[in-house]
Amino acid sequence: MSTMLCVTVDNHLTDEDRGFLATYDPRAFPPVAVTVDLVILTVREGELCVLLIRRGEPPQRGRWALPGGFVGPDETLDAAAGRELVEETGIRAGAHLEQLATFGDPRRDPRMRVVSVAYLALVPDLPTPVAGTDASEARYQPVAELAGASGALAFDHDRILAEGVERARARLEYTGLATTFLDEPFTIADLRRVYETVWGVPLHAANFRRKVLSTPGFVEPTGEKLATGRGWAELYRRGTTAHLHPAIPRPSAS
């Protein structure tokens, strides 16, 4: 059994490790860069939208893309994601970011081999973006206008966006995230419209109401009602549960 210790993040190196590293030449391997790309989704004017920037520098200058950029030599991935988002769009959503997936096709970037770690956030009430650094513009774009349009975004960002949207839609099945897009109190119909917007499919009103009210801790009645013109609708507030059980399954889009 070998007594050699592995190099760990706390740098507990053996003499053997130090001897090896003294002669180690990283230039013996092809260079690989690491970037972060961010799928920032929100609901604006009744549509699921994604935050995009227009590239201000080559390659693919002038094309719309997801915010992102290269990870600095002394940065963590999370720190780079938050920094790039602020620098390129002025948006601070670091607390909402979660890692989505890693994309490493050898030909995804014409400059060199670039591996990108994608991040996702589905956040209500985002401010108007302000372009900065190497982004010439920044805006929210309805996802429906980009879906199915191959090559709509720079690099492989169409694929990254598609995976981000799918993850966000799945999150609504098992979390109470949809309620954060509503002012309290709200009606079940208000909540249903959030689901329809994010999922991109119409929902049966009675079935949706039954599923919501049969999920413990999802919403809580306020005891008040709202006049709708066709009767009275009960009002609700956000529940206390973060994870829905049973989940609310997403219907097929077909």
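**Exercise 1.** Is Asp156 buried or exposed, and what is its relative accessible area?

*Solution.* The structure is a predicted model. Step one is to take the relative accessible area of Asp156, which is 15%. Step two is to compare this value with the cut-off: buried means under 20%. Asp156 is therefore buried.

**Exercise 2.** Locate Asp156 in the fold and identify its contacts outside the local sequence.

*Solution.* Begin with the position: Asp156 belongs to the loop that runs between strand 7 (135-142) and helix 3. Next, set aside the neighbours within four places in sequence; Asp156 is then in contact with Phe103 and Arg108. Finally, examine the side chains: those of Asp156 and Arg108 are joined by a polar contact of 2.8 Å.

**Exercise 3.** Describe the largest nonpolar core and state which element gives the largest share of it.

*Solution.* The largest nonpolar core has 40 residues. Val39, Leu41, Val50, Leu191 and Tyr195 are the residues with the most contacts inside it. Two or more residues of this core come from each of strand 1 (32-44), strand 2 (47-55), strand 5 (98-103), strand 6 (113-122), helix 3 (157-174), helix 4 (188-199) and helix 5 (205-213). Helix 4 gives the largest share, six residues. Apart from this core lies another, of 18 residues, including Val36, Ile40, Ala80 and Tyr140.

**Exercise 4.** Describe the surroundings of Tyr195 and classify its ring pair with Trp199.

*Solution.* First, list the contacts. Not counting residues up to four places away in sequence, Tyr195 touches Leu172, Thr175, Ala178, Gly200, Leu203, Phe208, Phe218, Leu244 and Ile248. Second, place the partner: Tyr195 and Trp199 both lie in helix 4, four residues apart, about one turn of the helix. Both Tyr195 and Trp199 are buried. Third, consider the geometry: the ring centres are 4.9 Å apart and the planes stand at 75°. Planes over 60 degrees apart count as edge-to-face, and the pair of Tyr195 and Trp199 is accordingly edge-to-face.

**Exercise 5.** Classify the ring pair of Phe20 and Tyr24, and determine how accessible each residue is.

*Solution.* The whole structure holds four aromatic pairs. In the pair of Phe20 and Tyr24, the centres are 5.5 Å apart and the planes lie at 45°, so the pair is tilted. Phe20 has a relative accessible area of 49% and is partly exposed; Tyr24, at 40%, is also partly exposed. Ring pairs further link Phe20, Tyr24 and Phe29 into a cluster.

Notes: Residues numbered from 1 in each chain as written. Predicted model: local features only at pLDDT ≥ 70, side-chain atom pairs only at ≥ 80, totals over all residues. Heavy atoms only, no water. Core = buried A, V, L, I, M, F, W, Y, C linked by side-chain atoms within 4.5 Å. Buried < 20%, exposed > 50% of the residue type's maximum accessible area, 1.4 Å probe, protein only. Contact = heavy atoms within 4.5 Å. Phe/Tyr/Trp six-rings, centres within 6.5 Å; stacked < 30°, edge-to-face > 60°. Polar contact = N/O pair within 3.5 Å; in protein donor to acceptor, adjacent residues only side chain to side chain.
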